[in-house]
Amino acid sequence: QVQLVESGGGAVQAGGSLRLSCAASGRTFSRFSMGWFRQAPGKEREFVAASNWSWNGSRSYYADSVKGRFTISRDDAKNTVYLQMNSLKPEDTAVYYCAARDSDKTTYDAWGQGTQVTVSS
């Protein structure tokens, strides 16, 4: 089982920026498809962004709520995926989770412990 360790959460003001990191170990990172999810108190966990591996390179996907503000990227040499969050809004406040799946699968089967992001008005 792949292990994921998240970092970079914290408190920022609305309009600010934050970068989350997720370090992976245990399996071949370059062929993982990676995702970021978030969960606010009392709310369902929701998809934020994904970096999906393919033979012709990874592709990025975003939830409509973060499109144009968040950017997912990966550094295979460091076995790390990032989520750059710009123009943060109070509604972005949540625990953010990194997830991984084998690229021949359709569901994520490994999750990090989560990191808190708090955006104040």
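Here is a short chat about the disulfide and salt bridges in this predicted model.

Trainee: Which residue does C22 join in a disulfide?

Mentor: Happy to start there. A disulfide is a covalent bond between the sulfur atoms of two cysteines. The cut-off is 2.5 Å between the sulfur atoms, and here the S to S distance is 2.1 Å. The partner of C22 is C98.

Trainee: How many residues apart are the two cysteines of that pair?

Mentor: The pair links distant parts of the chain. C22 sits in strand β3 (residues 18–25), while C98 sits in strand β9 (residues 94–102). Their separation is 76 residues.

Trainee: Is C98 buried or exposed?

Mentor: Buried means under 20% relative accessible area. C98 has 0% relative accessibility, so C98 counts as buried.

Trainee: Nice! Now the charged residues: which residue meets R69 in a salt bridge, with N to O at 2.8 Å?

Mentor: Look at the loops. R69 lies in the loop between β6 (59–62) and β7 (70–75), and the partner lies in the loop between β8 (80–85) and β9, so the pair ties together parts that are 23 residues apart in sequence. That partner, with a relative accessible area of 0%, is buried. The residue is D92.

Trainee: Does E46 count as buried, partly exposed or exposed?

Mentor: E46 meets R38 in a salt bridge at 2.7 Å, N to O. R38 is buried, with a relative accessible area of 5%. The class between under 20% and over 50% is called partly exposed. At 33% relative accessibility, E46 counts as partly exposed.

Technical notes:
Residues are numbered from 1 along each chain as its sequence is written. This is a predicted model: local features need pLDDT of at least 70, side-chain atom pairs count only at pLDDT 80 or more; totals for chains, interfaces and linings use all residues. Side-chain values use heavy atoms; hydrogens and water are left out. Helices (H or I, at least four residues) and strands (E, at least two) are DSSP runs, numbered from the N terminus. Buried means under 20% relative accessible area, exposed over 50%, partly exposed in between (1.4 Å probe, protein chains only). A salt bridge is a side-chain nitrogen of Lys or Arg within 4 Å of a carboxyl oxygen of Asp or Glu.
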